[in-house]
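Reader: I am new to this structure and would like a close look at one part of it, followed by a careful walk through its surroundings. Please take your time over the answer.

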Amino acid sequence: MKSFRRFALFTTLATYFLIFMGGLVRVSGAGLGCPDWPKCFGRWIPPTNVEQLPPNIDPAQFNFVLAWIEYVNRLTGVIVGLLIAATAVWAISSFRRQPRIVLPAVAAAVLTAFQGWQGSVVISSQLEPVVVTVHMALALIIVSLLIYLTQEAYYRENREAFLTLRAPRGVIFSLGMLWVIAIIQIALGTQIRSALEILARKFPLSTSAEWIGKVGLLNHIHTVLGVLLVAFSWGVAFSIWKYRDRMSALMRQSVVAMVTLATLQLFMGLTFIALDLTPIVQVFHLWLASLYVGSALLLYTIFRKREAAS
Amino acid sequence: MKGNAAFRTLVLLAVIVILAGGAYFVIKQAQTSVSDLPVLGQLPDFEFTAQSGGMFGRREMRGKVNIVDFIFTRCKGPCPIMSGFMSELYQLYGGTDSVQFVSITVDPSYDSLKVLQAYAESHGVKDSRWVFLWAPIDSVVQLSEQGFMLAADDLPGSHTTKWVLVDKDANIRGYYSGTDEASIEVLKTHVARLVKEMK
């Protein structure tokens, strides 16, 4: 179980790296770096100069840097996909009597295969906002399944690392809600990102502050929900923190991680307005959000486990 | 145990620094790659007649970002598509005087200034941001071949469908396919960059 748990943890971290890469592709504008899929400009290895382009492609469309950014994202995707598939095979062959191990592993593998295909729709839809948002949401669900799986494996070999605390039902429910709201909040964020891109095409000579102003309602909802999410996270954290002496180190770290991430997110959101949508901040805004989703889910599953065991 | 925690914190910090550094590098590379618009050539001095009757040449192109194409009004093939796209861009950049459109006729024997005026009107031209230029055919061929480095054989029938992006110093900065929407999308990002450079 120990080596399986380590492998599952490694796969989870690799998936988080892939989510980071995906955000980077989006922010650097390389989403259509390769206009086709799965090949890039009709080649398995992207072209390195204009002569290698197929005749039907306008050289003005080709950008060496963007093509390779997108291509590295796809390669990372293939590697992570294989890791997840291997996790599922391992789970089925060694732990077939333990549905809490097998089911999330298989579900993650199936969703990952679907995600690979959905990636092709992202390209063929020319980055249609809803399609991009679905791509992101699927990634969050896959990584959540992997976190659940890793946590289950860890629990099986090391029960005492889990708390000796029975949390109130309200706390467990709240943690589950935080996970759900955070995913909705990220979906809203990716929709805003797409709206900004459309505005940038429509009003190419405006500044980003003007574009943000034009996003309107969606932007206000995202801001209000963000503030509520941070306040709610602190509230839940405080109500658990009373029992910190009876919590395991893992739990305490997860609580600290959750409120830290939530608070950082709020500051990053504010930075956007002050700093003109600095690209690097956009990448981390998205990535920290996905880490927040992970921390909320981890706490939820640990507390629920305690309840089920009692 | 304490040393272990410190080590973990260090690893975490290192990972964040590496990710941030890597992302910063990638974004910078991507930004330079799309803003990298080398000077492909310098336009020679020329002076043609605009549809309004005034003179228009390299001097009038200076200080603005110019999008140039070659058309003729009787053309049934690519010209309606090109002028349609040009008209869309003309509307798109309606709020600024920094972007200017220049269409040069390759059929001067038919396209009199009157014909060009009517053509302009039919494409919704209301101000001097989009000019239609007339010159004797020899001058047009010379400007096309030696100035814009675009072939001009068998005019008007087989004229070029390329659009040319010319910056505020009358330097050629890019060529685009005037009949291909994807190519025009690229042009838009380049126009935005050149306009921001001017400010």
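Which residues of α3(B) are buried?

Author: The model shown here is a predicted one, and the values below should be read with that in mind. The buried residues of α3(B) are B:Cys79, B:Met82, B:Ser83, B:Phe85, B:Met86, B:Ser87, B:Leu89 and B:Tyr90. The helix that carries them runs through residues 78–92 of chain B and has 15 residues; from its first C-alpha to its last it reaches 21 Å, close to the 21 Å expected at 1.5 Å a residue. As for what lies against this buried side, the residues in question pack against strands and helices of chain B, namely β4 (65–71), β5 (99–105), α4 (113–122), β6 (130–134), β7 and α6 (181–198).

One of these partners, α6 of chain B, holds a salt bridge of its own, in which B:Glu185 pairs with B:Lys188 and the closest N and O atoms are 3.1 Å apart. Because the two residues are three places apart in helix α6 of chain B, about one helical turn separates them. Their exposure can be put into words as well: B:Glu185 counts as partly exposed because its relative accessibility is 30%, whereas B:Lys188, at 17%, counts as buried.

Elsewhere in chain B, B:Asp127 forms a salt bridge with B:Arg129, with the closest N and O atoms 3.2 Å apart. Here B:Asp127 is partly exposed, with a relative accessible area of 35%, while B:Arg129 counts as buried at 9% relative accessibility.

β7, another partner of the buried residues of α3(B), also borders a loop with an unusual backbone angle to look at. B:Met149 is placed in the loop between α5 (137–147) and β7 (162–166) of chain B, and it has a positive phi of about 55° although it is not a glycine. Most residues other than glycine have a negative phi, and most peptide bonds are trans. With a relative accessible area of 46%, B:Met149 is partly exposed.

From chain B the view can be widened to chain A, since 28 residues of chain B are in contact with 23 residues of chain A. The area buried between the two chains is about 1,900 Å², and carbon and sulfur atoms give 75% of that area. Across this interface the rule finds zero salt bridges, and it likewise finds zero residue pairs in polar contact, where both residues must be at pLDDT 80 or more. On the side of chain A that touches chain B, at least two residues each are supplied by α1 (2–27), α2 (64–94), α5 (169–202) and α9 (279–309) of chain A. The most comes from α9(A), which gives five residues. Sorted by class, this side of chain A has 16 nonpolar, four polar and three charged residues.

One of those contributing helices, α1(A), has 26 residues and reaches 38 Å from its first C-alpha to its last, close to the 38 Å expected at 1.5 Å a residue. Within α1 of chain A lies A:Thr11, which counts as buried because its relative accessibility is 0%. The side chains of A:Thr11 and A:Thr87 are joined by a polar contact of 3.4 Å, and, when residues up to four places away in sequence are not counted, A:Thr11 touches A:Leu83, A:Ile84, A:Thr87 and A:Leu146. After α1(A) comes A:Gly29, whose phi is positive, near 75°. Further along, A:Pro38 has its place in the loop between α1 and α2 of chain A, and the peptide bond from A:Trp37 to A:Pro38 is cis, with omega near 0°.

Chain A also has a salt bridge to set beside those of chain B, for A:Arg100 pairs with A:Glu152, the closest N and O atoms being 3.7 Å apart. This pair links distant parts of the chain, with A:Arg100 in helix α3 of chain A and A:Glu152 in helix α4 of chain A, 52 residues apart. A:Arg100 counts as partly exposed at 41% relative accessibility, but A:Glu152 is buried, with a relative accessible area of 0%. Over all chains, a search of the whole structure finds 13 salt bridges.

Note on methods. Residues are numbered from 1 along each chain as its sequence is written. Chains are lettered from A and ligands numbered from 1 in the order in which they are written. This is a predicted model: local features need pLDDT of at least 70, side-chain atom pairs count only at pLDDT 80 or more; totals for chains, interfaces and linings use all residues. Side-chain values use heavy atoms; hydrogens and water are left out. Contact means heavy atoms within 4.5 Å. Buried area is the accessible area (1.4 Å probe) that two parts lose on being put together, summed over both. A salt bridge is a side-chain nitrogen of Lys or Arg within 4 Å of a carboxyl oxygen of Asp or Glu. A polar contact is a pair of N or O atoms within 3.5 Å; within protein, one must be able to donate a hydrogen and the other to accept it, and residues adjacent in sequence count only if both atoms are side-chain atoms. Helices (H or I, at least four residues) and strands (E, at least two) are DSSP runs, numbered from the N terminus. Ala, Val, Leu, Ile, Met, Phe, Trp, Tyr, Cys and Pro count as nonpolar, Asp, Glu, Lys and Arg as charged, and the others, Gly among them, as polar. Buried means under 20% relative accessible area, exposed over 50%, partly exposed in between (1.4 Å probe, protein chains only). The expected span of a helix is 1.5 Å times one less than its number of residues.
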